[in-house]
Amino acid sequence: SQDRIPHVSCHGRDESNGNRRVLFNFWKDQDHPKGIWRKTFEDEYKKEKPQWTTVLDVDKLAETDGISWVWKGSSLLARKRDTGGDGKLVSRALLSLSRGGSD
């Protein structure tokens, strides 16, 4: 079966959008062998076919850069510590990528 349940992490609420919880997921499939980092809202996630917004397409980045990037993870700055944001959204994240997975 090709059916899989996406594992998600909650990274706060979008107070500008009805105070909805924001969920992130890293996903690989035949169209995205290197993967995509994407987000959705909790109420959307509960649907049979949720709508996702791609935050980073690792395959496209690798093609653009000419480097075989491999996803290593993400760290999001807590909203209360984010001096660059408006306090409503997580606005900063550190994404970890590896060149070809060698490090």
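This is a chat about the salt bridges in a predicted model.

Trainee: How many salt bridges does a search of the whole structure find?
Mentor: The search turns up three salt bridges.

Trainee: OK, what does R20 pair with?
Mentor: R20 forms a salt bridge with D43, and their closest N and O atoms are 3.1 Å apart. R20 sits in strand β2 (residues 20–29) and D43 in helix α1 (residues 42–45), so this pair ties together parts that are 23 residues apart in sequence.

Trainee: Are those two buried or exposed? R20 to start with, then D43.
Mentor: R20 is partly exposed, at a relative accessible area of 23%. D43 is partly exposed too, with 42%.

Trainee: And R21, which residue does that one bridge to?
Mentor: R21 goes with E42, with 3.4 Å between the closest N and O atoms. That pair also links distant parts of the chain: R21 is in strand β2, E42 is in helix α1, and they are 21 residues apart.

Trainee: How accessible is R21? And E42?
Mentor: R21 has 28% relative accessibility, which counts as partly exposed. E42 is partly exposed as well, with a relative accessible area of 27%.

Trainee: Switching over to K47, what's its partner?
Mentor: K47 forms a salt bridge with E44, and the closest N and O atoms there are 2.9 Å apart.

Trainee: Is E44 buried or exposed?
Mentor: E44 is buried, with a relative accessible area of 11%; the cut-off for buried is under 20%. Its partner K47 counts as partly exposed, at 46% relative accessibility.

Terms used: Residues numbered from 1 in each chain as written. Predicted model: local features only at pLDDT ≥ 70, side-chain atom pairs only at ≥ 80, totals over all residues. Heavy atoms only, no water. Salt bridge = Lys/Arg side-chain N within 4 Å of Asp/Glu carboxyl O. Helix = DSSP H or I, 4+ residues; strand = E, 2+ residues; numbered from the N terminus. Buried < 20%, exposed > 50% of the residue type's maximum accessible area, 1.4 Å probe, protein only.
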